[in-house]
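Trainee: I should like to go through this structure and ask on what grounds each description rests.
Mentor: Please do; let us set each value against its criterion.

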Amino acid sequence: MITLGIDIGGSGIKGARVNTKSGELVSERVRIDTPNPSTPENCAQVVQEIARQFQYHGPVGVTFPSVVRHGVTLTAANVDQGWINCDAAKLLRDALALPVTVLNDADAAGIAEVEFGAGKNVGGTVAMFTFGTGIGSAFFIDGVLFPNTEFGHLLIRGKDAEKRASAQVKENKGLKWKEWAERVNEFFVEIDKLFTPDMIIIGGGISKKFDKFGPHLRSVAQIVPAKFLNDAGIIGAALAASKARKAHT
Ligand code: BGC
């Protein structure tokens with residue numbers, strides 16, 4: 001089935017048609033800058049524009065960088081505060097006049113990796129972390145997602161982990177790969193203590209440089225780079241929408 005996946009991020013909103021049987025993008029990717037301010041209404045307009053450009057009619061999956069419970073966005077760490085307690089699924093359903101499933105961005109990326117990427121057929125506990133503006137997390141037990149884990153907000157040295165070890169922190173502070181990897185390792189010490197994962201998948205744009213920092217990372221888990229770099233969110237969003245549709249038919 002071909003489903004539209006849309007990934008709302010801090011700097012861009014990206015969409016593509018996805019073959020949910022293979023996990024492949026079957027169209028160009030459309031990207032529009034995230035509006036400033038990134039209010040729900042402004043973002044909804046961009047999502048509407050992307051669906052219009054694809055002349056799409058069908059279920060739509062949309063990711064968002066916050067806790068999303070039953071379609072309601074509950075937090076807003078790096079986006080406009082208007083998203084707190086916003087019924088995002090309803091807002092976007094009304095804007096598109098289509099069925100919409102909204103989920104956390106890292107959960108979506110993890111779904112794509114576990115279904116078709118680095119975590120495919122891996123049993124036990126798999127944790128995916130996306131390193132970007134923040135740190136997103138997705139947590140799976142035998143392929144089943146435990147949603148909204150928000151491990152990027154675990155406290156390390158009294159600070160949110162993402163304020164110490166996101167890709168943005170690396171850039172802002174001009175950290176060398178090894179220096180940054182040591183910060184990520186401090187985060188992994190906490191993750192290991194709490195969950196003893198079997199596999200950790202490293203996602204986000206920075207994962208394409210895995211050969212530079214991967215050898216410095218340590219965990220009780222096997223550490224691997226994501227397969228789907230920046231498309232993981234789009235793919236996972238489409239998969240979630242297609243699953244939601246099947247559940248309702
Ligand atoms: C948010 C998460 C999100 C992550 C990556 C964090 O600041 O709290 O919900 O998954 O950033 O975008």
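Trainee: How many salt bridges are counted between domain 1 and domain 2?
Mentor: The count is zero. The model is a predicted one. A salt bridge requires a side-chain nitrogen of Lys or Arg within 4 Å of a carboxyl oxygen of Asp or Glu, and between domain 1 and domain 2 the count of such bridges is zero.

Trainee: Which residues make up domain 1 and domain 2?
Mentor: Domain 1 comprises 2-104 + 231-247, and domain 2 comprises 118-226. Their centres, taken over C-alpha atoms, are separated by 24 Å. Seven residues from domain 1 and eight residues from domain 2 take part in the contact.

Trainee: What is the area buried between domain 1 and domain 2?
Mentor: It is about 510 Å², with carbon and sulfur atoms giving 45%. On the side of domain 1, Val 67, Asn 78 and Asn 104 supply 66% of the area buried against domain 2, more than any other three residues.

Trainee: What makes the approach of Asn 104 to the ligand a polar contact?
Mentor: The cut-off for a pair of N or O atoms is 3.5 Å. An N or O atom in the side chain of Asn 104 is 3.0 Å from an oxygen atom of the ligand, so this pair qualifies as a polar contact.

Trainee: Why are His 153 and Glu 162 described in the same way?
Mentor: A polar side-chain atom of His 153 lies 2.7 Å from a ligand oxygen atom, and for Glu 162 the corresponding distance is 2.9 Å. Both values fall within 3.5 Å, and therefore both count as polar contacts. Of the 310 Å² that the ligand exposes when taken alone, the protein buries 92%.

Key. Residues numbered from 1 in each chain as written. Predicted model: local features only at pLDDT ≥ 70, side-chain atom pairs only at ≥ 80, totals over all residues. Heavy atoms only, no water. Domains from an automatic or database assignment. Contact = heavy atoms within 4.5 Å. Buried area = accessible area lost by both parts, 1.4 Å probe. Polar contact = N/O pair within 3.5 Å; in protein donor to acceptor, adjacent residues only side chain to side chain. Areas by Shrake-Rupley, 256 points an atom, 1.4 Å probe, with all protein chains shown as cover.
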